[in-house]
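Trainee: Could we go through this model together, one question at a time? I'd like to see how you get to each answer.

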Amino acid sequence: MKKKWVLLSSIGCLVSIVLLVAVVIASIMLFGNYRVPFDSQAWKLGHTVIGISDIERFGMAEDLIDSGVLMGKSRAAVIDLLGTPPETPYFSEYDLVYYLGSERSYISIDSEWLLIKFNEYDQAIEVVIRSD
C-alpha cells in the first residue's frame, strides 16, 4: 500500500511540474516581448484582411516606444508614419490614440492602445501603451 502511495505521489509531482512548465512557456509566448521592427506601410494596413495581426501591431508599438523614434516628432510627422487615427472617446487627455487590439491576457476584456501626447511646440513628448 505504501509503495502504491509513493508511486502515485511521484506521478502527481511529475504531472504538476510538467503542467507548471507548460503554463510558463504559454505565458511567455502569449505575454512575452514580441518585438517587431516598425513598418509604416504594414502599420497603416492595420487590421484589414491583408494587414498585420494584433501581435505584430503590439510588437511594432513596442518597437516605436523602445526606439524613441516618435519622440520630438511633430503631429504631421507622426501621422505620416502611422496614418490618421480613427476618432475615439477613449483617452481624451492624449492627442493621438491608435487601437492596437484586444488586451494581452488570458481573459481579454479590455483593449490596448498606443497613446501620443504633444507639447505646445507640437513635439511628441509621451508615447505609451495603455489598456482601457
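Mentor: Sure, and keep in mind that this is a predicted model. Let's start in the sheet, where Gly101 stands opposite Glu112 in E2.

Trainee: Over how many bridges do E1 and E2 pair?

Mentor: Strands of a sheet pair through backbone hydrogen bonds, either parallel or antiparallel. Here E1 and strand E2 (residues 111-118) pair in the antiparallel sense, and the count of bridges is six.

Trainee: Which are the edge strands of the sheet?

Mentor: Three strands form an open sheet, in the order E1-E2-E3 with antiparallel pairing. An edge strand pairs on one side only, and that fits E1 and strand E3 (124-131).

Trainee: By how much are neighbouring strands of this sheet turned against each other on average?

Mentor: For this one we ignore direction. Taken as an average over neighbouring strands of the sheet, the turn is 15°.

Trainee: What angle does the direction of H3 make with that of E1?

Mentor: H3 packs on the sheet and touches E1, E2 and E3. Compare the direction of H3 with that of E1, and you get about 140°.

Trainee: Is Asp63 buried or exposed?

Mentor: Asp63 lies in helix H3 (residues 54-67). Leaving out residues up to four places away in sequence, Asp63 touches Arg35, Val36, Pro37 and Phe38. Its relative accessibility is 13%, and the cut-off is under 20%, so Asp63 counts as buried.

Trainee: How is the aromatic pair of Phe38 and Trp43 classed?

Mentor: The structure holds five aromatic pairs. In the pair of Phe38 and Trp43, the centres are 6.0 Å apart and the planes make 55°. Stacked needs under 30 degrees and edge-to-face needs over 60, so with 55° this pair is tilted.

Trainee: And how many residues apart are Trp43 and Tyr98?

Mentor: Trp43 and Tyr98 form an edge-to-face pair, 6.3 Å centre to centre with 65° between the planes. Trp43 is in helix H2 (residues 40-45) and Tyr98 in strand E1 (residues 96-102), so the pair links distant parts of the chain. Both residues, Trp43 and Tyr98, are buried. Along the chain they are 55 residues apart.

Trainee: Which residue lies over the face of Trp43?

Mentor: Trp43 is buried, with a relative accessible area of 1%. At 3.9 Å from the ring centre, the residue over its face is Arg57.

Trainee: Last one: the charged end of which residue sits over the ring of Tyr94?

Mentor: Look 4.9 Å from the centre of the Tyr94 ring. The charged end sitting over it belongs to Lys117.

Methods: Residues numbered from 1 in each chain as written. Predicted model: local features only at pLDDT ≥ 70, side-chain atom pairs only at ≥ 80, totals over all residues. Heavy atoms only, no water. Helix = DSSP H or I, 4+ residues; strand = E, 2+ residues; numbered from the N terminus. Buried < 20%, exposed > 50% of the residue type's maximum accessible area, 1.4 Å probe, protein only. Contact = heavy atoms within 4.5 Å. Phe/Tyr/Trp six-rings, centres within 6.5 Å; stacked < 30°, edge-to-face > 60°. Lys NZ or Arg CZ within 6 Å of the ring centre and 35° of its normal. Pairing = 2+ DSSP bridges. Axes fitted to C-alpha atoms, helices over the stretch in contact; angles between N-to-C directions.
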